[in-house]
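Q: Could we go through a structure together, taking one feature at a time?

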Amino acid sequence: FDQRVSVGHGLIATNTYSTCYACRRPISEKDKCRSDYQEGVSCLYCVSVSSVKQKKRFVDRQHQIKLAVDRGEQHFHDPKYVVKQKHDAEEEESGCVVHD
């Protein structure tokens, strides 16, 4: 369930923010372009807070998710996440996309 969305006026969903899968805080597209952002591992809010052990666990989790996506399978954690991963991978191929 926990695929949160940001909403604008009139409670219309926007793509302005997404979630850091490490600390669960909202992050913007600009935040994702920072050097301290690593998908599923760290963002500007948690890069200096999580332990080395936690980061290793997060890296391992992301690797398992990527393997599932590459096989065209759904990762057990969240079926919606697989679709998001494919979309993000397509954007990543075209470069960092920042929406102001």
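The dialogue below moves from the whole chain to a core and then to one loop residue.

Q: What kind of model is this, and how are its residues numbered?
A: This is a predicted model, in which local features need pLDDT of at least 70 and side-chain atom pairs count only at pLDDT 80 or more, while totals for chains, interfaces and linings use all residues. Residues are numbered from 1 along each chain as its sequence is written, and side-chain values use heavy atoms, with hydrogens and water left out.

Q: In what order do the elements of the protein chain run?
A: Helices (H or I, at least four residues) and strands (E, at least two) are DSSP runs, numbered from the N terminus. Here there are three helices and four strands, and from the N terminus on they run β-β-β-β-α-α-α.

Q: Which residues make up the largest nonpolar core?
A: A nonpolar core is a set of buried (under 20% relative accessible area, 1.4 Å probe, protein chains only) Ala, Val, Leu, Ile, Met, Phe, Trp, Tyr and Cys residues joined through side-chain atoms within 4.5 Å. The largest one has eight residues, namely Cys 20, Ala 22, Ile 27, Tyr 37, Val 41, Cys 43, Cys 46 and Phe 58.

Q: Where is Leu 44 found, and why does Leu 44 count as partly exposed?
A: Leu 44 lies in the loop between α1 (29-32) and α2 (52-70), and it counts as partly exposed (from 20% to 50%) because its relative accessibility is 28%.

Q: Which residues does Leu 44 touch, not counting those up to four places away in sequence?
A: With contact meaning heavy atoms within 4.5 Å, and with that exclusion, Leu 44 touches Asp 31, Arg 34 and Asp 36.
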